[in-house]
Amino acid sequence: MKKTMMGNYAASWGAQLARVQVIAAYPITPQTLIVEKLSDIVADGELDAKFIKVESEHSAMAACIGASATGARAYTATSAQGLALMHEMLHWAGLARLPIVMTNVNRAMAPGWSIWADQNDSLSQRDTGWMQIYASSAQEILDSTLIGYKVSEKVLLPTLISFDAFFLSHTMEVVDMPEIELIDKYLPPYKPDYKMDVNDPRSFGALTDEQYYYEFRYKMQKAMDEAVDIIKEAGKEYEKITGRAYGLVHPYRCEDADMILVTSGTIADTTNVAVDELRAEGKKVGNLRIRVIRPYPKKEILEVVKGVKKLAVIDRNISPGYSGIFSQELKSALYNEVDIPVRSYIAGLGGRDVKIEDIKDMANDALKNDAPNDLIWKGVKI
Amino acid sequence: MVIKFQNNDKPVIITGAKDMPPMAAALGSMLQNKTGSWRNVRPIIDYDKCIKCFICWKVCPEPAIKIVDELPVIDYDYCKGCLMCAEECPKDAIDFEKEGK
Amino acid sequence: MIEIRMHGRGGQGAVKASFVLAEAAFQGGKYVQAFPRFGVERRGAPVEAFTRIDDKPVQIRSQIYYPDGVIVLDPSLTEVVDVTKGLKKGGWILVNSDKEPDFFDFGDDYKVYTVDATEIAVQNKLGSRTAPIVNTAIVGAFAKLTGIVTIDAVFKGIDSSIPRFQEENKRAAKQAYDEIESG
Ligand code: SF4
Ligand code: SF4
């Protein structure tokens with residue numbers, strides 16, 4: 001059924017449809033509405049779950065880890081400093097191979113104190129063993145929560161779903177809520193082979209010397225590799241019941257493009273509109289939205305970009321001392337495979353709006369200039 | 001008591017990175033945000049009662065109370081009408097009236 | 001696509017108004033997007049909220065800079081903020097006011113409409129005279145002057161987005177709809 005809702009509520013309803021059993025969360029702007037709504041949903045009896053109020057985000061993730069280890073479907077949501085405070089526990093959830101799903105509202109790290117959109121918070125957690133999805137609509141937030149559990153519980157890796165503060169979190173739009181009966185079939189209860197059970201005691205997270213630790217890392221990498229296909233399958237199966245398709249990358253008008261813009265998050269949707277306008281001006285430009293960055297969809301990206309003359313990456317994040325993170329990753333994926341010049345742009349940090357005109361400026365700049373470039377800071381006031 | 005002020009009224013104009021400190025400090029953003037438009041009550045200081053303790057100056061959350069000739073003076077460009085000053089004044093020297101449209 | 005900007009004061013419900021407007025359009029079969037000016041809302045401070053309405057899903061996700069129409073919930077705002085900023089030539093301005101449109105001087109580029117949404121809200125016991133809830137009356141007036149949504153869609157929008165006093169809200173919307181002349 002179609003309804004209007006803010007992006008934050010799409011996350012809450014996604015968790016409700018997934019029938020999460022344990023929610024442990026600590027409020028932080030702009031995530032607060034997600035957990036407020038979930039606590040209402042639980043209090044109203046619309047979801048049979050334990051809602052655990054905790055004293056910090058570190059504890060929230062610790063509680064999710066405990067719950068997930070016992071075989072419960074666990075959920076939390078956070079943002080920026082809250083995600084950073086969880087950092088230790090994120091590694092734990094990853095290496096304990098717990099299929100937790102978490103929503104992160106992308107918000108700039110302080111100081112200066114900011115509550116606005118920026119991807120540095122979640123990209124700083126890139127190497128913790130979580131799969132990472134970047135959603136670009138409220139609909140996708142809801143759908144990704146369901147697909148996230150499906151994939152996580154299969155490959156035993158946690159999923160982080162991130163989306164831009166305010167541009168999605170506080171923006172109301174039309175969302176199609178799938179029927180719970182369909183979702184119950186799509187996402188049956190979680191039944192792990194290994195779980196904490198008082199009737200069947202085992203050790204968890206015990207001392208692991210160099211005889212074994214290395215292999216656990218190897219197995220984690222294998223699981224990430226497998227996840228690529230499993231994400232695709234889970235997306236296809238989801239399409240069968242809802243009509244909405246999700247992959248790891250979402251190309252738009254890329255087939256015959258001379259140049260492809262590479263984007264993520266809400267900038268990606270606005271870029272689609274910019275691409276239409278550029279096409280109308282006779283410029284053969286496409287847009288490749290990277291939806292999943294871990295596992296990194298290298299093969300899928302190469303399939304889309306091979307044959308293109310130029311690439312231009314727009315990053316709403318920065319690895320200080322190097323460049324935008326999506327840009328680095330793209331360049332490393334191309335190396336040894338194809339020789340395509342990549343131009344790198346930074347835009348929209350700290351929630352600065354990235355307008356259609358800004359995207360067209362960047363595209364035109366990339367079309368004009370052939371050389372791979374130093375980092376370009378779109379719109380920076382010098 | 002002598003309170004010294006630095007650049008009390010100096011406008012802070014930032015045109016870009018070159019004018020800014022390396023960290024988010026001393027941006028003068030409080031001065032740029034003219035919170036006077038938020039006000040629906042107007043605090044008024046009765047100088048006959050005022051003992052110049054400057055508690056109002058200390059508690060005011062905006063750059064709205066200045067010290068001029070050793071007296072607290074309200075700058076209505078910034079006063080947002082929160083009445084913290086009136087609440088905390090030990091001599092009840094600050095009264096208020098409703099703002100008319 | 002049409003883009004609308006709403007001006008109000010923190011606590012006055014401008015964001016809610018933009019959502020009710022979007023909900024009415026959604027009930028009328030449109031795709032919508034509604035959002036506040038991204039920031040920290042403070043009671044009494046001028047706030048803005050936005051609504052986009054289109055026949056296809058709205059993909060643009062930046063803020064609105066060149067609205068087709070502007071709604072002003074509190075006439076005192078016209079003195080402190082430039083409500084016409086970026087407004088397209090030929091665009092409309094709907095002001096909640098007991099004055100006639102020509103009381104406001106916004107220049108010749110725009111069509112100005114007024115509706116006494118405060119009085120309508122008070123008559124229908126929506127909020128108090130000092131804090132009237134004018135959302136639904138404004139949306140009723142909007143429906144009439146733009147024709148983008150029908151009054152029935154507004155009623156449906158009220159049913160699905162306003163949890164209490166639905167009848168009073170519908171009456172307010174209808175009253176404003178009847179009072180204002182169409183654009
Ligand atoms: S707090 Fe009251 S007495 Fe003290 S300086 Fe302010 S107005 Fe005067
Ligand atoms: S009411 Fe008083 S405390 Fe509040 S902003 Fe105005 S001067 Fe400052």
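Which side chains meet in a salt bridge at 2.6 Å, N to O? In this predicted model, the pair to select is Glu140(A) and Arg291(A), whose side chains meet at that distance, taken from N to O.

**Chain A: two domains**

With that pair on the screen, colour chain A by its two parts, domain 1 covering residues 2–242 and domain 2 covering residues 250–377. Their contact takes 26 residues from domain 1 of chain A and 25 residues from domain 2 of chain A, while the C-alpha centres of these two domains lie 27 Å apart. The size of an interface is often given as the accessible area lost when the parts come together. For domain 1 and domain 2 of chain A, that buried area is about 2,200 Å², with 53% of it on carbon and sulfur atoms. Next select Arg126(A), Ser136(A) and Phe167(A), which together supply 24% of the area that domain 1 of chain A buries against domain 2 of chain A, more than any other three residues. Between the two domains of chain A the count of salt bridges is five.

**Chain B: two ligands and a tryptophan**

Move now to chain B and select ligand 1, which is surrounded by residues including Cys50(B), Cys53(B), Cys56(B) and Cys89(B), with Lys52(B), Pro72(B) and Ile94(B) also among them. The shell around ligand 1 divides into ten nonpolar residues, no polar residue and one charged residue.

Then select ligand 2, where the surrounding residues include Cys60(B), Cys79(B), Cys82(B) and Cys85(B), together with others such as Pro43(B), Lys80(B), Gly81(B) and Met84(B). In the shell around ligand 2 there are nine nonpolar residues, one polar residue and one charged residue.

Staying in chain B, pick Trp57(B), which has its place in helix 2, residues 55–59. Is Trp57(B) buried, partly exposed or exposed? Trp57(B) counts as partly exposed because its relative accessibility is 30%, and partly exposed residues are those between the 20% and 50% cut-offs. To see how far the chain reaches from here, add Lys18(B), which is 39 residues from Trp57(B) in sequence and 32 Å from Trp57(B) in space, C-alpha to C-alpha.

**Chain C: a helix and its neighbours**

For the last stop, select helix 5 of chain C, residues 151–161, and display its buried residues, which are Ile151(C), Ala153(C), Val154(C), Phe155(C), Gly157(C), Ile158(C) and Ser161(C). Adding helix 1 (14–27), helix 4 (135–146) and helix 6 (166–179) of chain C then shows what the buried residues of helix 5 pack against.

Notes:
Residues are numbered from 1 along each chain as its sequence is written. Chains are lettered from A and ligands numbered from 1 in the order in which they are written. This is a predicted model: local features need pLDDT of at least 70, side-chain atom pairs count only at pLDDT 80 or more; totals for chains, interfaces and linings use all residues. Side-chain values use heavy atoms; hydrogens and water are left out. Buried means under 20% relative accessible area, exposed over 50%, partly exposed in between (1.4 Å probe, protein chains only). Helices (H or I, at least four residues) and strands (E, at least two) are DSSP runs, numbered from the N terminus. Contact means heavy atoms within 4.5 Å. A residue is near a molecule or strand if one of its heavy atoms lies within 4 Å of it. Ala, Val, Leu, Ile, Met, Phe, Trp, Tyr, Cys and Pro count as nonpolar, Asp, Glu, Lys and Arg as charged, and the others, Gly among them, as polar. Domain bounds come from an automatic or database domain assignment. Buried area is the accessible area (1.4 Å probe) that two parts lose on being put together, summed over both. A salt bridge is a side-chain nitrogen of Lys or Arg within 4 Å of a carboxyl oxygen of Asp or Glu.
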